[in-house]
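User: Hi! I have a protein model open and I'd like some help reading it. Can we go through it together?

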Amino acid sequence: MTLSKVLIIGCNGFIGSSLTDHLLSSGIAVAGFYNSTRPLIIHGKLSLFPAIQSKDDFKDFLVANNDLDVIFFLAGS
């Protein structure tokens, strides 16, 4: 399976930021949600979105981005 676009929920965390770096360096488009007090790690080709506030926010995002290959859920401490 070839990946072209992925979503990472928790893209600014310990694991999420490493995965984001790896995927972006591999030429894969990454969309990311984060909700962190850590300073935001800026990635060149990362599309950032505010934290998901409700299931409707997430549903609307998925409808607008129906070309995602994989969703990684890496949120939480």
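User: What share of the contacts between residues at least 6 apart in sequence join residues at least 24 apart?
Analyst: That share is 54%. Keep in mind that this is a predicted model.

User: Okay, and which elements does the chain run through from the N terminus on?
Analyst: The order is β-α-β-β-α-β. That gives two helices and four strands.

User: How much of the protein counts as buried?
Analyst: Of its 77 residues, 31% count as buried. As for the outside, the protein exposes about 5,100 Å², and carbon and sulfur atoms supply 57% of that area.

User: Which residues make up the largest nonpolar core?
Analyst: There are eight of them: V6, I8, C11, L23, L24, I28, V30 and L46. Strand 1 (5-9) and helix 1 (14-25) are the elements that each give two or more residues to this core. Nonpolar side chains tend to be buried together in soluble globular proteins.

User: Let's pick I28. What does I28 touch?
Analyst: Leaving out residues up to four places away in sequence, I28 touches L3, S4, K5, V6 and L23. Two of those names may ring a bell: V6 and L23 belong to the largest core as well.

User: What else is there in the way of cores?
Analyst: There is a second, separate core of six residues, and I9, F33, F61 and L68 are among them.

User: Two Phe residues there! How many aromatic pairs does the structure hold?
Analyst: It holds one, and the partners are F33 and F61.

User: Stacked or edge-to-face?
Analyst: Edge-to-face, because the ring planes sit at 70°, and over 60 degrees counts as edge-to-face. The ring centres are 4.9 Å apart.

User: Where in the chain do the two partners come from?
Analyst: From distant parts: F33 is in strand 2 (residues 29-33) and F61 is in helix 2 (residues 55-64), 28 residues apart.

User: And why do F33 and F61 count as buried?
Analyst: Because F33 has 7% relative accessibility and F61 has a relative accessible area of 8%. The cut-off for buried is under 20%.

User: New topic: T20. Is T20 buried or exposed?
Analyst: Buried, with a relative accessible area of 0%. T20 is found in helix 1.

User: Which backbone oxygen does the T20 side chain reach?
Analyst: The side chain of T20 reaches the backbone oxygen of G16, at 2.7 Å.

Definitions and conventions:
Residues are numbered from 1 along each chain as its sequence is written. This is a predicted model: local features need pLDDT of at least 70, side-chain atom pairs count only at pLDDT 80 or more; totals for chains, interfaces and linings use all residues. Side-chain values use heavy atoms; hydrogens and water are left out. A nonpolar core is a set of buried Ala, Val, Leu, Ile, Met, Phe, Trp, Tyr and Cys residues joined through side-chain atoms within 4.5 Å. Buried means under 20% relative accessible area, exposed over 50%, partly exposed in between (1.4 Å probe, protein chains only). Contact means heavy atoms within 4.5 Å. Accessible areas come from the Shrake-Rupley method with a 1.4 Å probe; for residues, only the protein chains shown count as cover. A polar contact is a pair of N or O atoms within 3.5 Å; within protein, one must be able to donate a hydrogen and the other to accept it, and residues adjacent in sequence count only if both atoms are side-chain atoms. Rings of Phe, Tyr and Trp (its six-membered ring) pair if their centres lie within 6.5 Å; planes under 30 degrees apart count as stacked, over 60 as edge-to-face and the rest as tilted.
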